[in-house]
Amino acid sequence: MDGVVLSCEHGGNDVPPEYRDCFRGAEQALASHRGWDPGSLDLGTAFQRSTGAPLVTTTVTRLLVEPNRSIGHARLFSQYTRDLPTDLKREIVDRYYLPHRNRIQAEIDELRGIDRRVIHLGLHTFTPELDGEVRNAEIGLLYDPRRTNEKEFCAAWRARLIAFRPDLRVRLNYPYLGKADGLTTFLRKRYADDQYVGIELEVNQGLVAADDRWQTLIADLAQTFSAGIRTAVS
């Protein structure tokens with residue numbers, strides 16, 4: 001059976017006390033999809049229960065530093081932090097960016113140490129509408145189409161989801177491209193296709209709610225993912 005590592009890059013919108021001055025008047029942005037991924041920690045908890053896999057999370061707002069972007073990316077820092085002095089930005093990276101990434105890589109390396117292929121699943125949610133465009137899917141599965149194992153895993157997961165939940169529109173590499181800059185693309189440079197399968201789950205935030213339907217959805221997502229882990233060949 002494959003090893004599994006779960007991660008949640010946008011689990012909260014916390015602002016560390018020493019940087020609160022940067023976010024005065026930014027309450028609306030922090031509460032919106034710009035500040036975090038509502039529901040993503042719920043997903044992480046459900047998938048951890050289903051798989052027993054380690055879950056690596058951060059709840060510091062992505063507006064401080066974006067853990068799903070590479071060092072040097074234009075959007076690593078937001079409008080609230082990009083003009084900070086270089087030494088402060090370096091401190092932010094050291095304290096709130098690198099620890100999350102390093103822990104994920106350590107979990108992968110531990111599983112790789114016992115000769116297991118690792119499936120890394122990043123758990124995210126997306127805003128139903130962006131820049132006037134309505135997203136026409138409930139679920140997105142992101143992967144790099146150049147990596148056969150990722151492509152086949154997501155195609156099979158999509159088929160299981162559609163069979164299990166025909167009410168859901170499940171799209172591949174939507175609303176983002178899985179090969180775009182991010183944590184999984186960073187890790188693909190360090191592990192071969194037969195060592196690492198990097199996938200991101202994207203769930204429409206319009207489905208996130210404090211009700212039984214949301215709990216049923218995340219249980220169904222976790223169950224269909226776990227079914228793929230049980231049948232995947234290392």
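**Reading the sheet and its cores**

Author: In this predicted model, a good place to enter is Ser7 of E1, whose bridge partner in E2 is Val56. Strands E1 and E2 are joined by three bridges and pair in the parallel sense.

Reader: In what order do the six strands of the open sheet stand, and what is the pairing?

Author: The order is E2-E1-E3-E8-E6-E7, and the pairing in this open sheet is mixed. Strand E2 (55-57) and E7 are the edge strands, each with a single partner strand, so one side of each has no neighbour in the sheet. On average, and with direction ignored, neighbouring strands are turned by 20° against each other.

Reader: How should I read the surroundings of E6, and which residues are the bridge partners of Ile139 in E7 and in E8?

Author: It helps to take each neighbour of the strand in turn. Towards E7 (residues 170-172), E6 runs parallel and is joined by three bridges, with Val170 as the partner of Ile139. From E6 the chain passes through H4 to E7, a β-α-β crossover that is right-handed. Towards E8, the pairing is antiparallel over four bridges, and there the partner of Ile139 is Val203.

Reader: Which residues of E6 point one way and which the other, and are they buried or exposed?

Author: Ile139 and Leu141 point one way, Gly140 and Leu142 point the other way, and all of them are buried.

Reader: Which helices lie across E1, E2, E3 and E8?

Author: H2 lies across these strands and runs at about 150° to E3, while helix H3 (residues 86-112) also lies across E1, E2, E3 and E8, running at about 175° to E1.

Reader: How do I read the nonpolar cores, and how many residues does the largest have?

Author: The general idea is that in soluble globular proteins nonpolar side chains tend to be buried together. Here the largest nonpolar core has 30 residues, and Phe47, Trp157 and Leu201 have the most contacts inside it. Among the elements that give two or more residues to this core are strand E1 (3-8), helix H2 (40-51), strand E6 (139-142) and helix H4 (148-164). The element that gives the most is H6, with seven residues.

Reader: Which residues does Trp157 touch, leaving aside those up to four places away in sequence?

Author: Trp157 touches Phe47, Leu121, Leu141, Ile199, Leu201, Leu221, Thr224 and Phe225. There is also a second, separate core of 18 residues, which includes Tyr19, Leu64, Phe77 and Leu84.

Note on methods. Residues are numbered from 1 along each chain as its sequence is written. This is a predicted model: local features need pLDDT of at least 70, side-chain atom pairs count only at pLDDT 80 or more; totals for chains, interfaces and linings use all residues. Side-chain values use heavy atoms; hydrogens and water are left out. A nonpolar core is a set of buried Ala, Val, Leu, Ile, Met, Phe, Trp, Tyr and Cys residues joined through side-chain atoms within 4.5 Å. Buried means under 20% relative accessible area, exposed over 50%, partly exposed in between (1.4 Å probe, protein chains only). Contact means heavy atoms within 4.5 Å. Two strands pair if DSSP finds at least two bridges between them. A crossover is right-handed if, with the strands pointing away from the viewer, the path from the first strand over the helix to the second runs clockwise. Axes are lines fitted to C-alpha atoms, for helices over the stretch in contact, and angles run from 0 to 180 degrees between N-to-C directions.
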